[in-house]
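Reader: I am in my first year and would like a close look at the empty space in this structure. Please take me through the pockets and the cavity, and then through the parts around them.

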Amino acid sequence: PQSPSDCPEWNFDGSSTGQAEGSNSDVYLQPCALFRDPFRGGKNKLLLCDTYKYNRAPADTNHRITCLKVMETAKDTKPWFGLEQEYTLLDHDKHPWGWPKGGFPGPQGPYYCGVGSNKVYGRDIVEAHYRCCLYAGIKIAGTNAEVMPGQWEFQVGPCEGIEMGDHLWMARFILHRVSEDFGVVATLDPKPMPGDWNGAGCHANYSTLAMRQPGGIKHIEAAIELLSKRHMEHIREYDPNGGKDNERRLTGLHETSNINDFSSGVANRGASIRIPRHVGEEGMGYLEDRRPSSNCDPYAVTERIVKTTVLKL
């Protein structure tokens with residue numbers, strides 16, 4: 001197949017995934033996005049689908065369909081996204097990969113963007129994932145070791161509209177599949193280790209065409225004002241449990257804002273919205289929404305941002 005339209009509609013047993021009852025279990029799979037298969041190679045493909053119930057209504061977990069409608073409505077503004085997906089590698093005992101068994105590594109500080117076997121753990125997994133994504137055609141843009149040892153990040157984007165969710169979901173699938181080959185677990189939990197350790201987010205870098213053009217800073221500031229008025233609506237959309245997951249992460253510590261407060265600032269990683277320093281200097285560019293959780297649904301996040309800043313809904 002050359003495109004998703006070349007692939008047939010299919011179905012699966014939704015009762016085994018909690019998406020349907022056993023007496024009426026078939027859930028439809030509708031092809032959406034096609035990628036090259038980095039595991040089998042050759043002519044093989046990986047196909048991303050969205051899901052529909054027996055009556056053709058979207059499954060409860062299908063946020064793609066509403067996101068697509070919003071992106072189609074706002075397409076003239078050319079919304080671009082870049083998502084920073086943080087994750088943590090765990091051993092099967094749920095202890096972070098590379099940590100001393102029954103103990104802890106030294107305090108945070110030397111691990112972020114670190115190098116050396118005493119600073120970073122699991123780089124071979126990260127590199128394998130990166131190369132698989134490149135082969136697949138995913139718009140992966142970078143990777144780095146994060147603040148907590150065993151925690152990593154990869155970036156996907158810039159992607160326009162619905163493409164953002166499609167590419168991040170497939171990149172996540174490939175991450176889990178690669179980790180399986182290495183015998184480790186990749187978790188998207190936003191706070192896998194309690195205590196004085198950084199959590200994991202999925203920062204959303206966002207711009208419209210107007211923001212990217214000279215004088216765009218006024219459009220960025222206008223968008224931030226609109227975002228400030230719908231803070232809690234965004235929080236409810238920024239993790240799959242209505243904000244409960246993010247409560248453990250957005251504490252006001254460890255480079256986060258407090259979940260109950262909205263703030264913004266230039267180069268401020270303790271704010272809800274960060275304006276990168278070079279954007280402030282150049283007067284155009286993009287903003288970074290630091291609130292989304294690592295386990296967010298990118299369709300829900302990008303839809304909510306465009307609804308607030310473009311459609312004003």
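**Empty space and its surroundings**

Author: The volume of the largest cavity is about 30 Å³. The model is a predicted one. A search of the whole structure finds one cavity of 30 Å³ or more. The residues that line the largest cavity are Tyr 111, Lys 119, Val 120, Tyr 121, Ala 145, Glu 146, Met 148, Pro 149, Gly 150, Gln 151 and Trp 152. Sorted by class, this lining has seven nonpolar, two polar and two charged residues.

Glu 146 leads on to the pockets. This residue lines the largest cavity, and Glu 146 is also among the residues closest to the centre of the second largest pocket. The others named there are Glu 86, His 203, Glu 255 and Arg 290, out of 22 lining residues. Two elements give two or more residues to this lining, β4 (80–90) and β6 (151–160). The largest share comes from β6, with three residues. The volume of the second largest pocket is about 310 Å³. Its lining divides into three nonpolar, nine polar and ten charged residues.

The largest pocket has a volume of about 640 Å³. It is lined by 25 residues, and the closest to its centre are Thr 61, Asn 62, Trp 169, Asp 297 and Tyr 299. Four elements, β3 (45–52), α3, α6 (231–237) and α9 (298–311), give two or more residues each to this lining. Of these, β3 supplies the largest share, six residues. By class, the lining has eleven nonpolar, seven polar and seven charged residues.

Two of the helices in that lining can be followed further. Take α9 to begin with. Helix α9 has 14 residues and reaches 18 Å from its first C-alpha to its last, close to the 20 Å expected at 1.5 Å a residue. This helix is mostly covered, with eleven of its 14 residues buried. Among the buried ones are Pro 298, Tyr 299, Ala 300 and Val 301. Tyr 299 is thus both one of the residues closest to the centre of the largest pocket and a buried residue of α9.

The loop between β11 (287–289) and α9 holds Ser 293. Ser 293 counts as buried because its relative accessible area is 0%, and the cut-off for buried is under 20%. Leaving aside neighbours within four places in sequence, Ser 293 is in contact with Pro 190, Ala 200, Gly 201, Cys 202, Tyr 238, Asp 239, Asn 246 and Arg 249.

The other helix is α3, which also has a part in the packing. In soluble globular proteins, nonpolar side chains tend to be buried together. Here the largest nonpolar core has 54 residues, and those with the most contacts inside it are Tyr 87, Ile 138, Phe 154, Val 156, Ile 174 and Leu 287. Helix α3 (residues 163–182) gives the most to this core, with seven residues. Ile 138 shows some of the contacts: apart from neighbours within four places in sequence, Ile 138 is in contact with Phe 35, Cys 133, Val 156, His 167, Met 170, Ala 171 and Ile 174.

One more buried residue is Met 211, in helix α4 (residues 209–212). Met 211 has 2% relative accessibility and so counts as buried. Not counting residues up to four places away in sequence, Met 211 touches Tyr 206, Gly 216, His 219, Ile 220, Ala 223, Met 284 and Gly 285.

How values were computed
Residues are numbered from 1 along each chain as its sequence is written. This is a predicted model: local features need pLDDT of at least 70, side-chain atom pairs count only at pLDDT 80 or more; totals for chains, interfaces and linings use all residues. Side-chain values use heavy atoms; hydrogens and water are left out. A nonpolar core is a set of buried Ala, Val, Leu, Ile, Met, Phe, Trp, Tyr and Cys residues joined through side-chain atoms within 4.5 Å. Buried means under 20% relative accessible area, exposed over 50%, partly exposed in between (1.4 Å probe, protein chains only). Contact means heavy atoms within 4.5 Å. On a 1 Å grid over the protein atoms alone, a cavity is a set of points where a 1.4 Å probe fits but cannot get out, and a pocket is an open set with protein on both sides within 12 Å along at least five of seven lines; lining residues have an atom within 4 Å of a point. Grid points are joined across faces, edges and corners, and a volume is the space filled by probe spheres set on the points. Ala, Val, Leu, Ile, Met, Phe, Trp, Tyr, Cys and Pro count as nonpolar, Asp, Glu, Lys and Arg as charged, and the others, Gly among them, as polar. The expected span of a helix is 1.5 Å times one less than its number of residues.
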